[in-house]
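Colleague: Could you take a close look at a single part of this model and then set it beside the overall build of the other chain? Please describe the surroundings of one residue with some care.

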Amino acid sequence: MRPAATTVFRALAVEAFRDAMRRRIVPVIAVFALLSLLAVDSCTSCAGSSQVVENGTRVSVDDISGWTGMLIFTVLSLWVMVLAGLLASDHLAETVLDGSAHLTLARPVRRSEFALARLAGSLGIAYTTGVVVLSVSAYLLHLRSGVPLGAAIWAGLACAAAAFVVAALAMALSLVLARIAAAMSVLFFVGAIALVNAFALFGVSLGRLGEVVQQFAPPLCTAVVVALEPWIAPVNPDVVPAIMVLKLALWMIASVLILLATFQKRELGS
Amino acid sequence: MIALELIGVSKCYGSRDALRGVDLSLAAGSALGLLGPNGAGKTSALRILLGFTKASAGTVRLQGLSPRDPASRVGVAYLPERLQLPGRMTVLSFLKLHATLAGLNGSELERDVESVLEQAGLSARASERLGSLSKGLTQRVGFAQAFLARPKILIMDEPTSGLDPIGVRDARDWILAARRRGCSILVSSHLLSEVERTCDQVAIIDEGSLVANDALDELVEPGETLEDAFVRLVAK
């Protein structure tokens, strides 16, 4: 009898996570995470009574700390999304190319179970890093600038959803593109969408193409910034949080379907 | 009962025909040796049977089901030609994972893993990373995973590749033991003497077409070896 789907998925996902943990890139990620936290610590250490001069007027650092916090949190969230994409971009393709997936798929295992387990394994690393980096940063910002923590939780969830979309799409892309091309696509995809989102949030028009990207692409940057609105004044009243949540949810479903359809079509060992 | 069958199966890779209308079946409890020159289409046939690739035409059944259905692979074990194991895993964790996927759990899983480790002479290597093993030992791990959970169907592609003479003899003994247990075996091999010793049926594929498919003693004429019969049929 075929083992239960949950047993199969759990066994494969645990192994995929362990496999991801054993990769040589993991210590590099840990060092980057530590450097990011040191940078956040350095950027927030002047909060309190310090003042800056803006156009000849003295401004308390606390008045601009919400904006600083939003910027720091958004950049770190984008870093987590890129990390998720890069890790996913060869976590499945590697096993298909070297043939080690064949033995697993010769067992009573669905391709969808295998692909989703590999996705979960690579996301495990990205999420662990994200939780550490974003929660410590949010705590430092809360402690030193007094920004509310609740917003950071919503922003963290938005980041997790966006990272899921990036990872699933990167994994699908890695099944049809070479490893380096898939990794470069992740950088381009996240960078371009973040740029369009940022311009749109401040009401800057990027022409027809920019509007299409803003309208239909996953709201990677917008979702995080909108969640952090309590830290700043509303940047763009046209952005409705409920629509943002719906868009992210639809992109999560679509990205998984794209991944599964690509893997189903992929011929193994030909 | 039929363990597996290909009916009129063709497979094209671009303009190249890897298989042309191949009919092949394996009765439960039988052992079929699939022979053919390099590039004849043997590996393509095995990949189609396991659902790794789709046939361009024809019908494929594994335990009466489509190979795309995971239920068709319950009780099926596979040993590929170019065995690639996840190098970052240890021998033990790899076998435990496959035992779980084969449907074992708890103490039954522990017992079975221990038994195949011992059978394959890998007990002392259980904690070593798969990536650090020699080709011969890697092949032994491949055999160990194939014999987990007492499979009903064994599909093997060049199973003795990379094994030393003792390993080849051990592999033959394991295959014969599986046969005695009633396991159906499909083995693709260039080692005709091994096929002669382990199989009761032989199918020969040449340039994608089936040129012979018969009981071993029907295929080999009096005074001939299997090698003579192979050369005679392929050279036709």
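Modeller: In this predicted model, B:Gly208 counts as buried because 21 other C-beta atoms lie within 10 Å, where the cut-off for a buried residue is 20 or more. Along the sequence, B:Gly208 sits in the loop of chain B that runs between β8 (201-206) and β9 (209-215). Leaving aside residues up to four places away in sequence, the contacts of B:Gly208 are with B:Asp17, B:Ala18, B:Leu19 and B:Arg20, together with B:Gly41. A further link across the chain is given by B:Gly39, which is 169 residues apart from B:Gly208 along the chain, while the C-alpha atoms of the two are separated by 8.3 Å.

Turning to chain A, its secondary structure consists of 11 helices and two strands, and, read from the N terminus, the order of these elements is α-α-β-β-α-α-α-α-α-α-α-α-α. The radius of gyration of chain A is 20 Å, close to the 18 Å that the globule rule gives for 270 residues, so chain A is as compact as a globular protein of that length. Taken along the principal axes, the box filled by the C-alpha atoms of chain A is roughly 70 × 40 × 35 Å. Within chain A, 46% of the 270 residues count as buried, and of the contacts between residues at least 6 apart in sequence, 83% join residues at least 24 apart.

Terms used: Residues numbered from 1 in each chain as written. Chains lettered and ligands numbered in written order. Predicted model: local features only at pLDDT ≥ 70, side-chain atom pairs only at ≥ 80, totals over all residues. Helix = DSSP H or I, 4+ residues; strand = E, 2+ residues; numbered from the N terminus. Buried ≥ 20, exposed ≤ 12 C-beta atoms within 10 Å, placed from the backbone. Contact = placed C-beta atoms within 7 Å. Rg over C-alpha atoms; globule rule 2.2 N^0.38 Å.
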